[in-house]
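Please open the model in your viewer and keep the selection panel at hand. The stops below are meant to be followed in order.

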Amino acid sequence: MSDHTPVVEATELRKVFRVRRPDGRGSADFTAVDGVGFQVRAGGALAIVGESGSGKSTVARMLVGLETPTSGSITVLGRSRTAKRAGTAERRRRGREIQMVFQDPYGSLNRRRSVRDALGEVIDLHFKPSRGEREERIARLLEDVGLDERQSRALPSALSGGQRQRVAIARALAAEPKVLVLDEAVAALDVSIQAQILNLLADIRERTGLTYLFISHDLSVVRQISEEAIVMRKGRIVESGPTARILDDPQHPYTRMLRRSVPGPGWKPRRMSQDERRALAMEETW
Amino acid sequence: MSPLLRLDALHVTLNVDGERRPVLHDVSLDVGAGEAVGLVGESGSGKSMTVRSILRVLPHGAETSGRIDFDGTDILSMPAKDLRRLRSHEVAVIHQDPRAAINPVSTVGDFLVEALVANHQESPRQARARVQDILSDVGIPDASRRMRQYPHELSGGLLQRVVIAAAIAVRPRMILADEPTTALDVTTQSEVMGILDEMRREHGLAMLFITHDLELAGAVCDRIAVMYAGSIVEESRPQALEDHPRHPYSRLLLDSRPRIDQAADRLEVIPGRPISAFEVGPGCALAPRCPYAEPQCTATVPALRPAGEGRVRCLRSEEIEPVLRRSGTEVRDV
């Protein structure tokens with residue numbers, strides 16, 4: 001595959017949820033994602049940036065098949081994901097294309113299963129390896145994410161938050177996917193641990209040419225991990241382009257406000273003027 | 001003049017399965033009247049335990065030594081009556097989660113008025129009028145409507161403003177703000193932090209601001225104390241801390257956070273994880289992770305001593321000063 005063929009392509013994605021009305025009388029449609037489209041080239045890293053309610057996580061969940069789009073299409077490695085309902089074999093094959101890492105590593109790991117067993121399970125499912133091959137794969141994964149032999153026998157409860165997130169990454173890598181979807185994967189970590197994981201993700205991408213979709217609310221983290229970004233607000237893309245350009249020269253008023261809200265040298269928190277508020281029509285979200 | 005709040009050699013241990021575990025080690029810190037001091041550190045560093053010590057709401061079985069003086073009176077030995085007065089009149093608290101701080105089954109108005117009527121002998125009518133004014137000050141324009149609503153009808157950002165209003169309403173002398181904007185979206189954080197900062201200055205309140213975000217603390221505080229493993233490792237003015245950190249851990253905190261204005265090839269990291277106070281071995285708490293540690297660092301516990309305008313807890317601070325001044329992060333794009 002050439003460098004220019006998109007590994008992931010989303011076109012006019014739309015997701016409508018049926019929700020209970022606030023007054024309790026019947027239900028109403030809520031459009032979580034509306035007309036979202038993007039492409040990610042092989043080995044690239046695309047960030048999907050937004051605040052709560054922007055629809056960024058719903059996009060992530062549709063990409064890995066945890067939600068079904070209401071309309072629009074998703075293509076991964078040239079194959080459509082939206083054509084028809086997939087059987088077990090097809091879903092497994094898809095698992096070898098795309099994997100996901102969640103924000104809370106504790107909630108996404110089986111707490112009765114050791115690290116080694118959690119990795120072994122995924123390897124068995126996808127590759128039916130011989131005993132030796134299985135051990136070899138586990139050892140390689142552990143080394144890739146910086147966990148040692150002792151930690152590999154531990155249960156998640158005995159590990160720190162950063163170590164658990166390493167396990168979650170190792171487990172995602174165990175299926176040898178081409179694409180990794182990371183949904184706020186470093187948001188819950190302390191800064192010193194966050195830096196370790198961001199470096200780890202950079203190392204893995206450099207070595208394997210894996211493609212990242214990085215969902216985050218944190219603009220500094222996004223700058224560190226991605227070359228391209230889309231900014232979402234209320235289900236729609238408000239701005240997209242190279243990450244450096246978006247952060248240095250944001251065009252949309254919302255992106256500008258987002259950028260201005262990030263603490264840094266010389267930054268002061270500020271109350272928005274009525275005009276700014278009106279321009280952004282924020283009142284309804286209050 | 002003595003400071004409004006003075007922590008003097010505060011030690012706290014907890015009882016964990018019959019074993020005494022230290023959580024705070026030799027914490028000394030002053031907060032002057034009207035001054036804002038930031039307490040910055042990673043999880044387990046003791047920031048929240050410090051706040052809980054000040055309010056005397058430590059877990060059951062906690063043992064304390066040292067002193068916590070508020071306006072010259074020791075909180076740790078204060079009788080219950082005085083302690084109630086301290087909590088209801090002198091020190092207001094803003095926690096991370098406003099939903100946990102507000103009674104979910106009473107209206108916002110009743111919540112705000114209750115404290116004033118019960119503790120401050122205000123008439124309900126008088127309290128209601130005053131609360132309404134404060135709500136508009138904190139950026140809630142249609143205050144009378146909001147006061148009739150229940151907490152679940154308000155967003156997190158709006159609810160945190162209500163908590164700020166509740167804090168201001170009791171006319172305290174000090175605010176303890178424990179990660180007050182951590183659960184909020186970035187744009188809301190900026191707004192709510194702006195309101196808190198403005199209210200604090202306007203009413204001349206002191207603030208102890210607990211956060212993991214060094215840059216956020218720098219934006220609203222006069223001084224910053226950095227905590228690691230239950231101890232203060234450095235105290236400095238925000239600008240000085242940024243330009244001229246004197247403790248290796250402060251440098252690490254500054255470098256490990258990715259920057260919004262440029263990406264690094266790799267972030268500067270040191271191995272391992274932040275430890276808790278009970279895991280500290282002999283010597284300096286950071287020594288096992290510190291790139292500048294020497295044999296003496298694992299043998300002697302460094303004292304928190306004056307350095308420049310602030311204080312530092314590092315044996316080698318002067319020696320390694322030139323290295324600490326330089327950020328280690330290489331620049332990838334500009």
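## First stop: a helix of chain B

In helix α11 of chain B, select B:Pro248, B:Tyr249, B:Ser250, B:Arg251, B:Leu252, B:Leu253, B:Leu254, B:Asp255 and B:Ser256, each of which is buried in this predicted model. Since nine of the nine residues of α11(B), which spans residues 248–256, are buried, the helix is largely enclosed by the rest of the structure. To see what does the covering, add α9 (214–220), β9 (223–228), β10 (231–236), α10 (238–243) and α12 (317–325) of chain B to the display, and with them α7 of chain A, all of which are included in what covers the buried residues of α11(B).

## Second stop: the contact between the chains

With α7 of chain A already displayed, turn to the contact itself, to which chain A contributes 36 residues and chain B 37 residues. On the side of chain A that touches chain B, at least two residues each come from α7 (191–208), α8 (219–225), α9 (243–248) and α10 (253–260) of chain A. Which of these helices gives the most to that side? It is α7(A), with eight residues. If you colour this side of chain A by residue class, you should find 18 nonpolar, twelve polar and six charged residues.

## Third stop: a strand of chain B

Now select strand β3 of chain B, residues 36–40, where five of the five residues are buried, so that the strand is largely enclosed by the rest of the structure. Both of its faces are covered, with B:Ala36, B:Gly38 and B:Val40 buried on one side and B:Val37 and B:Leu39 buried on the other. Adding strand β8 of chain B, residues 206–211, shows a parallel pairing with β3(B) over five bridges, in which B:Leu39 stands opposite B:Ile210. The strand β9(B), which you displayed at the helix, also runs parallel to β3(B) and is joined to it by four bridges; here B:Val37 has B:Arg223 as its bridge partner.

## Last stop: one buried valine

Finally, centre the view on B:Val91, which lies in strand β6 of chain B, residues 91–94. Is B:Val91 buried or exposed? B:Val91 counts as buried, because it has 24 C-beta neighbours inside 10 Å. Leaving aside neighbours within four places in sequence, its contacts are B:Leu55, B:Leu86, B:Pro172, B:Met174 and B:Leu176. A distance label between the C-alpha atoms of B:Val91 and B:Val170 should read 9.0 Å, although the two residues are 79 residues apart along the chain.

How values were computed. Residues numbered from 1 in each chain as written. Chains lettered and ligands numbered in written order. Predicted model: local features only at pLDDT ≥ 70, side-chain atom pairs only at ≥ 80, totals over all residues. Contact = placed C-beta atoms within 7 Å. Nonpolar A, V, L, I, M, F, W, Y, C, P; charged D, E, K, R; others polar. Buried ≥ 20, exposed ≤ 12 C-beta atoms within 10 Å, placed from the backbone. Pairing = 2+ DSSP bridges.
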